[in-house]
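Got your viewer open? Let's take a short walk through this one, stop by stop.

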Amino acid sequence: MITTTDEQQPSKASALSALLEDAAARAARYRGAVDDVPVFPGADALEALRAGLGTLRDKPAAPQAVIAELADAVEPALVASAGPRYFGFVIGGALDSATAADILAAGWDQNAFNTLTSPAAAAVEEVAGEWLKDVLGLPSGASFAFTTGGQAANTVCLAAARHQVLADAGWDVERDGLAGAPRVRVVTGALRHITIDRSLRLLGLGANAVEPVPVGDDGAIDVAALARVLADGPRGPVIVCLQAGEVNSGAFDDFPAAITVAREHGAWVHVDGAFGLWAGASPATRRLVAGVDGADSWATDGHKWLNVPYDSGYAFCARPAAHKASMAFSAAYLGDASETLRSPGDWGLESSRRARGFATWAALRELGRDGVAGLVDRCCARARRFAGLLAKVDGVRVMHDVVLNQVLVRFGDSDDITERTLAAVQRSGVCWMGGTTWRAQRLMRISVSGWRTTEADVDRSVEAILAAYRGVSG
Ligand SMILES: *Cc1c(COP(=O)(O)O)cnc(C)c1O
C-alpha cells in the first residue's frame, strides 16, 4: 500500500548538490585511477556485482544510498575502456569536456526531439553538425542527424538512399512501402561491416539484397570487380556501399575510382566511415579519404574517434530532400514550427532522446581542428609503434600495412598460439584487445582509438603481450 510518506519528494537544493557532487566525484575518482585498475574485470568481480545489486524492494530508498550502492557494486566490475590501455573493438575513452557535458545533459534533462521540447538542444546540434562537416571535410550543404551510433547512422543513410533510388524509379516507398516495389540492389565490398546487413534487414531490403564484391589483400573493394558486378545485374535502383576504414585492417576503398563507377550506373553511394572518416580530420591522413566527399551519404561515430561518451553517431546526407523525406514525420499535437531551427526528430530514427549535441559541441570546442587532427595522428603513431615493436620479435607477424589505427598480429604462425596469447594478455589486466579472423587466420586485433594512450602505454602493453607469448610458446 502506498502512503503519502512513500511519495518521492524533490531533494532540497543542498541535498541535491551533495548527491550530484558525490556522483561526479565518484566518476572523477574512477577516471583518475583508471590507469591502475585491471583493464578487464575478473569473474569474481562480476559475481560480487550480481550480489551487490540486491533484489527489488517494496519500499523507496534515499537517493544518496542508492547511488552509493550502485557505484560500490558496479565499479570493481567495470571495463577500463575509459583508460589508456584498452585496445578492444574500436573504442576510445571519452574526453573530459565531453564527459562533463554529458553530465550536464543528464542534469538539464532535455528532450532533443524537436524545437519545442528543447530549442537549446536543437540549436547546439545545428552548430555541432556544421562543425563536424567542416572537420571531416564533407560538403557544407549536407544534412545531418545525431544518432545512437554507426548502426543507426547507416540505417538513416540507407533509408535516404532507399527513398531516392526508388523515387528515381517512380516509386514512393514512404507511402507505398516495398511490396510491389522495384527490387533494390545493394552492391558492397565483401568485408563491409555487419551493421550494413542489419540496416538492410530493418529497411525491408533484406540481407539478400547484397551483391558482395571481392576485396583486395588489404580489405578494400576491388574497383574492377565492382564495375563487373554493377554491369552484370539489371539496371534499376542500386545502392553502392563503400567503406572508410575496414574494421580489421583499417583499409580504405578507392573513393574517386569507385564513385565514378557507381555514378555510371546511377547508384546512390553510401560510405560507412564509423571510425575511418576521421582520417579526413588530419592533413597527415586526409589522402586516405580523398574523393569521399563525392558520395551521397556518410555514417560515422562520435563515440569512436571523437572520444565523446556513448551513445553518439552521426549521419550525413548530400541530398537533404531525400534524407528528410525518409525520416520526417508530424502529428498535430507535436506542433514544431520553428522558422529558424531544424527539428532534430525529422532527421534521425528517434523521437524522444538525450541531447547528444552538447557532448559533441564540447569535444570539438575543446580540441579545435588541430586537436582533432592531433588525436587522429597520435593514435595512428601509437598503432605504428605497436606494429614496429611487435614485428621485431621472432615468431610475431604484423599481417598488413598499418595505414590507420588498426593492427593485426599473429603469433607463432598458429591459430592456437595466437588464441592462447590473446587469452593470456586479456587475463593479465595490463591491457585488453580482441581477436579476429582475417583471411582465414586467427589474429590479435589492436585498435588505438583513445586520447589517453601514451607511448609508455604502448610499451607496457607490448611487454605484456610478449610475456604472454613467451609463456604460451614455452
Ligand atoms: C563500429 C562500426 C560500426 C557500428 O557502429 P556502432 O556505433 O557500434 O553502431 C559500423 N561500421 C564500422 C566500419 C564500424 O567500425
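First, a word on the names you'll meet: helices (H or I, at least four residues) and strands (E, at least two) are DSSP runs, numbered from the N terminus. Also keep in mind that this is a predicted model.

Start by selecting Asp-311, in the loop that runs between helix H11 (302-305) and strand E7 (313-317). Look at the peptide bond leading into it from Tyr-310: that bond is cis, with omega near -10°.

Stay in that loop between H11 and E7 and pick Asn-307. Its phi is positive, about 60°, although Asn-307 is not a glycine. Is Asn-307 buried or exposed? Asn-307 counts as buried, because its relative accessibility is 0% and the cut-off for buried is under 20%.

Now jump to Asp-109, in the loop between helix H4 (96-108) and helix H5 (119-136). Here is another non-glycine residue with a positive phi, near 55°. Asp-109 counts as exposed, because its relative accessibility is 63%.

Next, select the ligand and show what surrounds it. You should find 14 residues, the closest being Gln-151, Asp-272, Asp-301, His-303 and Lys-304. Zoom in on these contacts:

- Lys-304: a polar side-chain atom sits 2.8 Å from a ligand oxygen atom.
- Gly-150: a backbone N or O atom is 2.8 Å from an oxygen atom of the ligand.
- His-193: a polar side-chain atom lies 3.5 Å from a ligand nitrogen atom.

On its own the ligand exposes 380 Å², and the protein buries 84% of that. Helix H6 (150-168) and H11 each give two or more residues to the shell, with H6 giving the most, three. Color the shell by type to finish: three nonpolar, eight polar and three charged residues.

Key: Residues numbered from 1 in each chain as written. Predicted model: local features only at pLDDT ≥ 70, side-chain atom pairs only at ≥ 80, totals over all residues. Heavy atoms only, no water. Buried < 20%, exposed > 50% of the residue type's maximum accessible area, 1.4 Å probe, protein only. Near = heavy atom within 4 Å. Polar contact = N/O pair within 3.5 Å; in protein donor to acceptor, adjacent residues only side chain to side chain. Areas by Shrake-Rupley, 256 points an atom, 1.4 Å probe, with all protein chains shown as cover. Nonpolar A, V, L, I, M, F, W, Y, C, P; charged D, E, K, R; others polar.
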